[in-house]
Amino acid sequence: MKHLVIFLLLFLASSPQLAVAQREKSKDEKLNVLFIISDDLTPTALSCYGNKVCQTPNIDSIAARGTLFTRAFCQGTYCGPSRASFLSGYYPHATGVLGYRSPRPKIGDRATWPQHFKNHGYHTARVSKIYHMGVPGGIEKGSHGADDPASWTERFNCKGPEWKAPGDGETLENNPNGKRPVVGGNTFVVVQADGDDLVHSDGKAAAKACQLIEQHKDKSFFIAVGFVRPHVPFVAPRKYYKPFLPYSKLELPEKIKGDWDDIPKPGINYKTSKNMKMDIRKQKKAIGGYYASVAYMDAQVGKVLDALKKSGVADKTIVIFTSDHGYHLGEHDFWAKVSLRDESAMVPLIISVPGKKPAVCKSLTELIDLYPTVSKLCGLKFPKRIQGQDISKMLDDPSHTVRKAAFSVAPMRRGFLLREDQWSYIQYNEDASGGIELFDMKKDPKQYTNLANKSEYAEVVKAFKKKMAAKLAEVRTNDLGIKYKKR
Ligand SMILES: [Ca+2]
């Protein structure tokens with residue numbers, strides 16, 4: 001009898017019907033991708049990264065199921081170059097996309113990350129800002145920005161009132177006498193807005209994402225959801241401000257006398273408490289407005305996660321949460337992005353894969369790793385020409401490493417960063433003629449003491465100059481056929 005059962009099982013396993021059924025099963029089991037990206041979000045503002053004041057329960061819930069990367073770096077410290085890089089799979093200095101343009105003219109018909117999935121039968125959908133879009137200008141218009149149509153099966157923009165939202169608004173930047181009205185542009189403005197979540201772009205983006213998950217749950221999907229908060233203007237419905245009021249109770253980062261004295265001019269960030277003319281009250285309000293925007297964005301993430309749960313396909317969907325770069329919230333009296341210090345160059349990165357254990361991974365990673373990694377996780381071969389590394393093994397073994405240094409650039413400052421385990425090395429200009437910063441990240445994790453001009457570190461600096469030149473040469477060795485000018 002036992003032998004008969006084994007015979008029957010063997011017979012069934014070799015039958016063509018069963019083979020077809022197995023193929024169909026494996027097709028059904030292709031993992032979906034839900035990619036959520038916030039704009040200008042520093043990891044230090046999230047409770048899963050240790051913030052005690054700003055609570056982000058929904059983003060934390062992704063971390064509770066997935067791998068939280070504590071040392072993930074963007075490749076460009078503002079929207080345009082960062083997004084063009086991880087979406088195309090090339091470093092900013094490979095494509096030369098150092099500003100606010102689509103990478104398409106530089107990559108020709110080579111597939112971008114979402115397009116690679118589209119080419120493999122995925123339904124790829126873009127909701128709001130994935131490639132660069134001007135915030136607030138582009139969001140007020142509801143336009144496509146520097147999008148790449150070939151990446152998507154369908155795409156949706158989410159118009160919002162931004163700084164014009166009715167409510168109590170104040171311009172914090174360059175407004176010492178308080179007479180400056182609430183304005184648009186890349187300006188620190190806080191608006192405690194009237195009305196509910198759906199008044200704003202991110203509320204609309206969450207609603208659209210929920211609808212798309214339900215609509216496409218029966219096929220393989222790659223849904224990319226872009227939230228524009230906490231990018232300025234800091235606008236959120238009133239209720240999200242409550243935990244941060246009065247603003248006077250919020251704490252500012254420690255201010256050290258003479259903090260700027262040992263750093264080269266381009267190392268002083270483009271926005272500072274000084275040049276923005278923000279007194280202590282305004283600095284605290286900026287943090288409160290930023291946190292309220294984060295809390296609002298986190299609530300929208302929660303809606304999307306609920307829709308995924310309800311759809312019944314959560315157990316076959318990879319969820320990724322990240323940002324395009326970090327942000328200063330007053331450290332060294334710096335504000336916003338662009339700087340190559342950790343607060344600005346690091347991004348939150350959480351990857352949750354069904355069936356894998358939650359973990360915290362301290363290995364150095366880069367946003368450019370998403371293209372090869374997520375391809376690998378979904379069983380797609382990725383093109384050799386792309387420049388990121390496959391970090392998928394880190395999701396099984398968080399001690400796995402693929403690189404000794406993370407690389408990032410701040411083209412606005414002609415700045416270049418190599419961030420190693422022990423050192424943060426920053427130089428300005430390709431020949432370092434604009435100055436150098438070197439921080440010992442073990443002894444000085446908040447980067448207060450620049451060691452670059454101390455004679456005892458001359459060898460370390462010399463070695464980094466060499467490593468930087470080699471990294472740039474490596475980046476420019478690619479299949480794009482571009483002639484590079486030194487900047
Ligand atoms: Ca951004």
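What follows is a tutorial dialogue on reading a predicted model of a protein chain.

Trainee: Let's begin with the overall picture. How many helices and strands are in the protein chain?

Mentor: There are 13 helices and 18 strands. The radius of gyration is 23 Å, close to the 23 Å from the globule rule for 487 residues, so the chain is as compact as a globular protein of that length. Along the principal axes, the C-alpha atoms fill a box of roughly 90 × 55 × 45 Å.

Trainee: And what share of the residues counts as buried?

Mentor: Of the 487 residues, 52% do. Look at the contacts too: taking those between residues at least 6 apart in sequence, 70% join residues at least 24 apart.

Trainee: Now the nonpolar core. Which residues touch the most other members of the largest one?

Mentor: That core has 135 residues, and the ones touching the most other members are Ile 36, Ala 209, Ile 223, Val 225, Tyr 291, Ala 292 and Val 304. Helix α10 gives the largest share of this core, 15 residues. Pick Tyr 291 and check its surroundings: leaving out residues up to four places away in sequence, Tyr 291 touches Ala 45, Val 53, Cys 54 and Phe 244.

Trainee: On to sheets. How should I think about pairing?

Mentor: The general idea is that strands of a sheet pair through backbone hydrogen bonds, either parallel or antiparallel. For a case here, take the open sheet of three strands with the order β5-β6-β8, where the pairing is mixed.

Trainee: Which strands of that sheet stand at the edges?

Mentor: β5 (167-171) and β8 do; each has a single partner strand, so one side of each is left without a neighbour in the sheet. From one strand to the next, the twist averages 10°. β5 pairs with β6 (residues 189-193) in the antiparallel sense, over five bridges. Within that pair, Gly 167 stands opposite Ala 193. Then bring in α10, which packs on the sheet and touches β6 and β8, its direction making about 55° with that of β8.

Trainee: I'd like a loop as well. Where is Pro 253 found?

Mentor: Pro 253 is in the loop between β8 (234-237) and α10 (280-311).

Trainee: Why does Pro 253 count as partly exposed?

Mentor: Count its neighbours. Pro 253 has 17 other C-beta atoms within 10 Å, and a residue is buried at 20 or more, exposed at 12 or fewer, and partly exposed in between. Next, set sequence against space: Pro 253 and Asp 333 are 80 residues apart in sequence, yet 8.3 Å apart in space, C-alpha to C-alpha. Not counting residues up to four places away in sequence, Pro 253 touches Gly 330 and Glu 331.

Trainee: What about a helix? Is α12 mostly covered or mostly open?

Mentor: Mostly covered: α12 (residues 370-377) has eight residues, and seven of them are buried. Those are Leu 370, Tyr 371, Pro 372, Thr 373, Val 374, Ser 375 and Leu 377. The elements covering them include β1 (32-38), α4 (79-88), α7 (113-119) and β9 (317-323). After α12 comes Gly 379, with a positive phi near 75°.

Trainee: Let's do one more sheet. What is the order of the four strands in the other open sheet, and how do they pair?

Mentor: The order is β15-β16-β17-β18, with antiparallel pairing. The edge strands β15 and β18 (435-440) each pair on one side only. Here the twist averages 10° from one strand to the next. Helix α13 (residues 458-475) packs on this sheet, touching β15, β16, β17 (423-428) and β18, and its direction makes about 110° with that of β16.

Trainee: How many bridges join β15 to β16?

Mentor: Six bridges join the two, and β15 runs antiparallel to β16 (residues 415-420). To follow the register, note that Ser 408 stands opposite Leu 417, and Ala 406 opposite Arg 419. The hairpin has four residues between its strands, and in it Arg 414 takes a positive phi near 50°.

Trainee: How much of β15 is buried?

Mentor: Five of the six residues of β15 (residues 405-410) are buried, so to speak of it as mostly covered is fair. When you look at side chains, remember that in a regular strand they alternate between the two faces of the sheet.

Technical notes
Residues are numbered from 1 along each chain as its sequence is written. The radius of gyration is taken over C-alpha atoms; the globule rule is 2.2 Å times the number of residues to the power 0.38. Two residues are in contact if their C-beta atoms, placed from the backbone, lie within 7 Å. Two strands pair if DSSP finds at least two bridges between them. Axes are lines fitted to C-alpha atoms, for helices over the stretch in contact, and angles run from 0 to 180 degrees between N-to-C directions. A nonpolar core is a set of buried Ala, Val, Leu, Ile, Met, Phe, Trp, Tyr and Cys residues joined through C-beta atoms within 7 Å.
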